[in-house]
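Please walk me through this protein chain, beginning with a position that a database record singles out and moving outward to the rest of the fold.

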Amino acid sequence: MADSFLSNSDDGSEGSYESGSVVSEQPLPAIPAVIANWWLNENLGSGYSGSIFKATHLHTHQVVALKVQYVHHECPTNKYERYIYPLLQGGVGMPTLYDANVQGPWDFLAIDLLGPSLDNLYRKSGKDTMDLRSVCSIAIQLIMRLQFMHHRGVLHRDIQLGNCVIGLPPNEKTIYMIDFGFSKRYIDPLTGRHIPDSKVKRDFIGNYWFSSVNVHCRGKVPSRRDDLEAAALMLIHLLTPRGLSWTRNGVPKTNEAHDRLKAEKRKATPESLCRGLPSEFEDFLVYTRSLAFKELPDYNTWIEKFRDLAKEEGFTRVDEFIWPPPPMPVVKTINTPLRARTPAVPREQLEDILKDLTKLRLDTQPILGDRTNVEAAVRQAKADAQLDSDKQRQQQSTGDTIIISSDSEPGNPSPMRYQAPKALRLNRLAQRATKATDNITLSAIVKEFVEILQMNSSRTLTKEALAFLDVLYKQLDDPSVFIKPTRTSRQQSFNEQVQEKEPAYVKLGVVARLRREVGQCRDNKALAALVSDFAKVTNKSTGRTVTKDGFAFLEGLSQRLGVLQ
Ligand SMILES: Nc1ncnc2c1ncn2[C@@H]1O[C@H](COP(=O)(O)OP(=O)(O)OP(=O)(O)O)[C@@H](O)[C@H]1O
């Protein structure tokens, strides 16, 4: 609770605190060597209202963590934790409570002895961001812990790195939640109902860094959504060099500094916070903020999304938090694609790709509709086509399934089949689009484009997908002109000059319009204009995610092409 802010009035039920905003410096009695049957060993950490010791039972020699607090402390969190722990017993990553009592002026809780906190590990690593594998593991485990706590009717209300600790061997791959001093039941045990929302602005309870905007900046009543939003902010913090901007000046010491921090937190959009991160993090934050006060979050979907992200990055056993993080996976075969990085390819294709790369003209990329490079492009395309057919023969490639022999499975003489990675399929599709001579073929190609985009959970418009749209645009705009697929980087072609991202609502509005208009188009030229708008607006949005409307537009495009012959 080191960075937590204590409210000076809660709602009067358990988990509430009565304390002035200025902390009085009371001289505390010295903590004795023995409390009840516990012999106190070294101090493991001290918080605002107490200290944690490693402690040994005088008779059984059981070793625990003893959370000791002065009974008259103005913020008597042990008193509240004592009611919360029993509700959480038996859950993975929930510390077991062995003893809880008051002896003389000491209120103590004996719980599982655990390892260092994530804050501790992160600081000690000396790095300015945490690696993606670890963050995915934290995401998965933290969402699971919150799912469990919420299922038991309890909100944590103080999610932060210092309150997530790893277990001691053999449980060092499990993240445990600690510090339930601010926790609260959100299900009334008598009525079984969710606590009510309130329009009255409440004093803030939680921590400065990760408490949700609604709770921290707007004084709203915390509910499940706010625990999840705090989790999302914590994950984004870990992936942001030097952390979230409002955490960089330390704990605010004055009301003005606290107001500035809140203003900064409030105005930071998910887009601006997640620039450059895998889109799952922005989507998760947006999702947590879209939840209604009493809404049950869809924990499982988000656990799966972070698992998928990790898988796409080539990380294995990602449900386990492994520290220090294992080395980055080495790309050996096409079944370990690295998301948003170089698409993984079989070794035998690497050489060709590198050769192609040397031919890339990075200085002056042709823009949409630019036909000045036609002659050179014709020559290049013929050479490419020849190379491609040679390659296909060599690889025994069947459609998009490449057969490669497996030497890792000696008992299995048949070749292993892998689905070609997204990038490769998109490049091939672009080539087929260049050769299409009628709308029926283009319609089938667009349909396949949608299928490829939906191959995995990442619905991003990659540079290969943009290159495909570039070809499609040219085909539709003027099929009489020879088309050479341009290698389209995300910043170029459709979007040459524009680097600024646009707010999400702009994208949503444009794509919804495209979706409506596609069925009305009377010719290919009109369709070309819509394809260009679609590519531009998606390319300009953070995450470049193809939305539901986007898929509906593409499906509509495929249907319209089938009709316009
Ligand atoms: N069970 C435990 N085993 C090992 N170390 C622990 C355990 N619980 C807490 N610690 C260490 O002590 C630190 C403080 O613990 P905790 O967050 O529970 O208390 P606090 O918030 O500082 O106290 P308070 O609630 O009184 O303000 C943790 O960050 C962690 O490093």
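In which strand is Lys-67 found? Lys-67 is found in strand 5, and the model in which it is seen here is a predicted one. The position is a useful place to start, since an unreviewed UniProt entry lists Lys-67 under "binding site". Is Lys-67 buried or exposed? Lys-67 counts as buried, because 27 C-beta neighbours lie inside 10 Å, and a residue is called buried here once 20 or more other C-beta atoms lie within that distance. Leaving aside its neighbours within four places in sequence, Lys-67 is in contact with Gly-50, Ile-52, Asn-78, Phe-108, Leu-109 and Ile-111. Ile-52 belongs to strand 4, which covers residues 51-57, while Phe-108, Leu-109 and Ile-111 fall within strand 7, residues 106-111, and Asn-78 falls within helix 1, residues 77-88.

These contacts lead into the sheet around strand 5. Strands of a sheet pair through backbone hydrogen bonds, either parallel or antiparallel. The sheet in question is open and has 6 strands in the order 2-3-4-5-7-6, with antiparallel pairing. Strand 2 and strand 6 (97-103) stand at its edges, each with a single partner strand, so one side of each is left without a neighbour in the sheet.

Reading the sheet from the strand 2 edge, strand 2 (residues 34-35) pairs with strand 3 (residues 38-46) in the antiparallel sense over 2 bridges, and Val-34 has Trp-39 as its bridge partner in strand 3. The two strands form a hairpin with 2 residues between them, and in this turn Ala-36 has a positive phi of about 55°. Strand 3 then pairs with strand 4, again in the antiparallel sense, over 6 bridges, with Ile-52 in strand 4 as the bridge partner of Gly-45; this hairpin has 4 residues between its strands. From strand 4, 6 bridges lead on to strand 5 (residues 63-70), the two strands running antiparallel, and Thr-56 has its bridge partner in Val-63 of strand 5.

The loop between strand 4 and strand 5 holds His-61, which has a positive phi of about 65° although it is not a glycine. With 8 other C-beta atoms within 10 Å, His-61 is exposed. Arg-157, in the loop between strand 8 (154-155) and strand 9, is another residue other than glycine with a positive phi, near 70°, but Arg-157 is buried, with 24 other C-beta atoms within 10 Å.

At the other end of the strand order, helix 1 lies across strand 5, strand 6 and strand 7, running at about 30° to strand 7.

Which residues have the most contacts inside the largest nonpolar core? In this core of 72 residues, they are Leu-66, Cys-136, Ala-139, Ala-231, Met-234 and Leu-235. Helix 3 (residues 132-151) contributes the largest share of the core, 10 residues. Leu-66, leaving aside neighbours within four places in sequence, is in contact with Ile-35, Trp-38, Leu-40, Ile-52, Phe-53, Ala-55, Phe-108 and Ala-110. Another core, of 37 residues, lies apart from the largest one and includes Phe-449, Cys-521, Val-537 and Phe-553. In soluble globular proteins, nonpolar side chains tend to be buried together.

Further along the chain, helix 12 (residues 422-435) and helix 14 (residues 463-477) pack at an angle of about 10°, with their axes 9 Å apart; the two helices are therefore roughly parallel to each other. Among the residues that meet are Leu-426, Leu-429 and Ala-433 in helix 12, and Phe-468, Val-471 and Leu-472 in helix 14.

Two peptide bonds also deserve a look in the backbone. The bond from Pro-169 to Pro-170 is cis, with omega near 10°, and Pro-170 is found in the loop between strand 9 (164-166) and strand 10 (175-177). A cis peptide bond also joins Trp-323 and Pro-324, with omega about -5°, and Pro-324 has its place in the loop between helix 9 (299-312) and helix 10 (347-359).

Taken as a whole, the protein chain contains 17 helices and 14 strands, and buried residues make up 38% of its 565 residues. Among contacts between residues at least 6 apart in sequence, 68% join residues at least 24 apart.

Technical notes: Residues numbered from 1 in each chain as written. Predicted model: local features only at pLDDT ≥ 70, side-chain atom pairs only at ≥ 80, totals over all residues. Pairing = 2+ DSSP bridges. Contact = placed C-beta atoms within 7 Å. Axes fitted to C-alpha atoms, helices over the stretch in contact; angles between N-to-C directions. UniProt positions renumbered as here; feature names shortened; annotations may be inferred. Buried ≥ 20, exposed ≤ 12 C-beta atoms within 10 Å, placed from the backbone. Core = buried A, V, L, I, M, F, W, Y, C linked by C-beta atoms within 7 Å. Parallel < 35°, antiparallel > 145°, perpendicular 65-115°, else oblique.
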